[in-house]
Structure formats: structure tokens, C-alpha cells
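Please examine the fold shown below, following the chain from its beginning to its end. The report then turns to the strands and to the turn that joins two of them.

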Amino acid sequence: MGLVVSHNAYKGSVTSFNNFRAAIARSMGIENLQDMEYYKLTGGEKWDDYMDDPLTALMIHSDHEGVLRVQELTGIAKRLEETIPDMAKISPEKTKQEYIDEFTVAVTAEQFLKGVKLAIKNNEMIRFRGN
């Protein structure tokens, strides 16, 4: 199954988008995103400690439908700008595949940020659509 996010923010597999979200989760201090009941506020006590972080709006959002409003996008953009530089750090312990995976996530994050900034500039919502 694929995912398209408006403003050219993302077009690709849901798996790749979930890898992007997992990297964001790690930047928020969440080591295992699956432990967070996958982006849902149902049983949301697990998310309570993160509700002040603007990235939470992206983390709990459906990956196949819906929108993120400009108000949410403004905070998301700021936090992504802080987070992206740490997504693909060089370390001698990493394997070649780990570098490739991290680079792919960093590129996805950069593209998503460009789409978010375009939506903010045009005062438009970002739309998610599964295909």
C-alpha cells in the first residue's frame, strides 16, 4: 500500500513512512514506536508525556487519510528542523545498511519538511491519502 502526502511532502510506501516516523519517535525519546499503540490516542495515556511536542501531531496522525492544519504544521516544521541533523550521524559502529537506512530517512524528512513549509507559505493544510 502506498501513501501520498500533498505539497509533494511524501509519495511512497507506508513502510518507508513508518520508518520516518520511527526515527522521529527516537528523536522524541521513544525507542519503540510500536509500544506507543501506533499513532492512536485510544488508550492515549502512553502519549500524555509527549503532547507538548509538536511532532506528536504527526506521530498520532493516520497514515492513510486526513489533514494536518497550518497551526500544527508550524510546530512540526520547527521541530523537524531541529531533528533532521541528528537522523544520519556518522558512527564507526554502524553497518553500511544502517547508513543507507538512516540516509533514506533523512532524505524523507527533508522532503517532508519542504512540503510542510510550502503548505505553511500557502496557508494550506497537508492532506494524507492512501493509494
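## Order of the elements

Read from the N terminus, the elements of the protein follow the order β-β-α-α-β-α-α-β. The secondary structure thus listed comprises four helices and four strands. The model is a predicted one.

## Burial, contacts and surface

The protein has 131 residues, of which 41% are buried. Among contacts with a separation of 6 or more, 61% are between residues 24 or more positions apart. The exposed area of the protein is about 7,600 Å². Carbon and sulfur atoms supply 52% of this area.

## Strand β1 and its two partners

Strand β1 covers residues 2-5. The side on which a residue points divides this strand into two pairs: G2 and V4 point one way, while L3 and V5 point the other way. All four of these residues are buried.

Which strands pair with β1? One partner is strand β2, residues 10-13, which runs antiparallel to β1 and is joined to it by four bridges. Within this pairing, L3 has G12 of β2 as its bridge partner. Another partner is strand β4, residues 126-130. The pairing of β1 with β4 is also antiparallel, and it extends over three bridges. Here V4 stands opposite R129 of β4.

## The turn between β1 and β2

Strands β1 and β2 form a hairpin, with four residues between them. Both H7 and N8 are located in the loop that links these strands. H7 has a phi near 65°, which is a positive value in a residue other than glycine. N8 likewise has a positive phi, near 55°, and is also a residue other than glycine.

Are H7 and N8 buried or exposed? H7 counts as buried because its relative accessibility is 18%, and the limit for a buried residue is under 20%. N8 has a relative accessible area of 58% and is therefore exposed, since the exposed class begins over 50%.

## Summary

In this predicted model, β1 pairs in the antiparallel sense with β2 and with β4. The hairpin of β1 and β2 contains in its loop the buried residue H7 and the exposed residue N8.

Notes:
Residues are numbered from 1 along each chain as its sequence is written. This is a predicted model: local features need pLDDT of at least 70, side-chain atom pairs count only at pLDDT 80 or more; totals for chains, interfaces and linings use all residues. Side-chain values use heavy atoms; hydrogens and water are left out. Buried means under 20% relative accessible area, exposed over 50%, partly exposed in between (1.4 Å probe, protein chains only). Contact means heavy atoms within 4.5 Å. Accessible areas come from the Shrake-Rupley method with a 1.4 Å probe; for residues, only the protein chains shown count as cover. Two strands pair if DSSP finds at least two bridges between them.
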